[in-house]
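Trainee: Could you show me how to read a structure, feature by feature? I would like the general idea each time, and then the case at hand.

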Amino acid sequence: MGQPVEHGSGEGGSERAPQFELPPGQRLQRGWPVTHYGPVPKFRPERWEFRVFGATADGEKQCWTHEEFTALPYTTVVADLHCVTKFSMLGAEWGGVPARTILGLAPPAPAVTHVMVWAEYGFSSNLRLSDFAADRTLFATHKDGELLTAEHGFPLRLVVPHLYAWKGPKWVRGIEYMTADRRGFWEERGYHNIGDPWREQRYSYQEEPGEGPEL
């Protein structure tokens with residue numbers, strides 16, 4: 001998946017530091033650099049759909065067209081974005097659909113512990129269910145009142161403010177519910193399985209026992 005190298009928390013997705021502070025090793029960024037792996041995908045609204053699949057509560061897949069997804073309840077969250085490449089953008093206003101809305105509309109089975117976020121070109125990023133369900137995790141369509149640009153993830157990117165920004169992919173197309181953890185694209189390539197910026201969880205060699213599946 002064409003994915004930014006942008007994109008913590010303790011168990012349960014709780015943040016341990018006030019908003020608008022820089023995590024260790026980060027520098028303040030004015031503006032929003034474009035960082036991603038691979039090409040920018042072309043958006044074709046007639047072909048676009050958002051899918052929830054895997055270990056759903058009813059065993060069924062649920063899909064939304066672009067028109068249906070953008071008609072879901074819209075909210076805004078003021079939150080920081082911390083890139084693993086060490087820049088931080090503070091106090092952005094993100095607009096979109098809360099992850100908790102999707103969890104309510106397409107509930108996971110009781111045994112689900114993690115989700116895999118799927119984006120264009122087969123890109124993936126894994127999250128603990130607690131991080132995905134956190135209050136400020138958002139499927140963003142807007143930033144500071146404006147639609148996202150294609151380079152920044154239009155039509156949809158996930159924002160997980162309490163984790164490094166690679167955990168919130170651009171160009172998201174769906175969520176897979178999982179009953180066991182599985183590493184995503186960057187996690188398989190040496191990035192930390194959890195990605196808490198306040199603990200500087202940048203790379204897999206920093207992982208403690210139990211923080212991720214074996215590489």
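**Reading the core, the charged pairs and the pocket**

Mentor: Happily! Keep in mind that this is a predicted model. Let us begin with one residue and its surroundings: beyond its neighbours within four places in sequence, Phe 50 is in contact with Gln 62, Cys 63, Trp 64, Phe 69, Ile 102, Phe 139, Leu 156, Val 172, Arg 173, Gly 174 and Ile 175.

Trainee: Which residues have the most contacts inside the largest nonpolar core?

Mentor: Phe 50 is one of them, together with Phe 69, Ile 102, Phe 132 and Phe 139, in a core of 27 residues. Next, look at which elements feed it: at least two core residues come from each of strand E2 (49-54), helix H2 (99-105), strand E6 (114-119), helix H3 (129-132) and strand E11 (172-178). Another core lies apart from this one and has 13 residues, including Leu 138, Leu 148, Val 159 and Ala 165.

Trainee: How many helices and strands does the protein have?

Mentor: There are 3 helices and 11 strands. Read from the N terminus, their order is β-β-β-α-β-β-α-β-β-α-β-β-β-β. As for burial, 54% of the 215 residues count as buried.

Trainee: Let us turn to charge. What can side chains of opposite charge do when their charged atoms come close?

Mentor: They can pair. In this structure there are 10 salt bridges. Take Asp 135 and Arg 100, whose side chains meet with 2.7 Å from N to O. This pair joins distant parts of the chain, 35 residues apart: Asp 135 sits in the loop between H3 and strand E8 (138-143), and Arg 100 in helix H2.

Trainee: Why does Asp 135 count as exposed, and why does Arg 100 count as partly exposed?

Mentor: Asp 135 counts as exposed because its relative accessibility is 58%, and exposed means over 50%. Arg 100 has 48%, so it counts as partly exposed.

Trainee: Is Lys 143 buried or exposed?

Mentor: Lys 143 is buried, with a relative accessible area of 18%; the cut-off for buried is under 20%. Its salt-bridge partner is Asp 144, with the closest N and O atoms 2.7 Å apart. Asp 144 is partly exposed at 43%.

Trainee: What about Lys 167 and Glu 187: are they buried or exposed?

Mentor: Both are buried. Their side chains meet in a salt bridge of 2.9 Å, N to O. Here too distant parts of the chain are linked, with Lys 167 in the loop between strand E10 (157-159) and E11, and Glu 187 in the segment after E11, 20 residues apart.

Trainee: Which residues does Asn 126 touch, leaving out those up to four places away in sequence?

Mentor: Both members of that last pair, Lys 167 and Glu 187, are on its list, along with Val 115, Met 116, Met 178, Asp 181, Arg 182, Arg 183, Gly 184 and Asn 193. Asn 126 belongs to strand E7 (residues 124-128), and its relative accessibility of 2% is why it counts as buried. Although Asn 126 and Glu 187 are 61 residues apart along the chain, their C-alpha atoms are separated by 8.0 Å.

Trainee: Finally, what lines the largest pocket?

Mentor: For a pocket, take the space and then the lining. The space here is about 170 Å³. The lining consists of Pro 41, Lys 42, Phe 43, Arg 44, Arg 47, Trp 48, Glu 120, Tyr 121, Phe 154, Pro 155, Trp 171 and Arg 173. By type, that gives 7 nonpolar residues, 5 charged and no polar. Arg 173 should look familiar: it was among the contacts of Phe 50.

Methods: Residues are numbered from 1 along each chain as its sequence is written. This is a predicted model: local features need pLDDT of at least 70, side-chain atom pairs count only at pLDDT 80 or more; totals for chains, interfaces and linings use all residues. Side-chain values use heavy atoms; hydrogens and water are left out. A nonpolar core is a set of buried Ala, Val, Leu, Ile, Met, Phe, Trp, Tyr and Cys residues joined through side-chain atoms within 4.5 Å. Buried means under 20% relative accessible area, exposed over 50%, partly exposed in between (1.4 Å probe, protein chains only). Helices (H or I, at least four residues) and strands (E, at least two) are DSSP runs, numbered from the N terminus. Contact means heavy atoms within 4.5 Å. A salt bridge is a side-chain nitrogen of Lys or Arg within 4 Å of a carboxyl oxygen of Asp or Glu. On a 1 Å grid over the protein atoms alone, a cavity is a set of points where a 1.4 Å probe fits but cannot get out, and a pocket is an open set with protein on both sides within 12 Å along at least five of seven lines; lining residues have an atom within 4 Å of a point. Grid points are joined across faces, edges and corners, and a volume is the space filled by probe spheres set on the points. Ala, Val, Leu, Ile, Met, Phe, Trp, Tyr, Cys and Pro count as nonpolar, Asp, Glu, Lys and Arg as charged, and the others, Gly among them, as polar.
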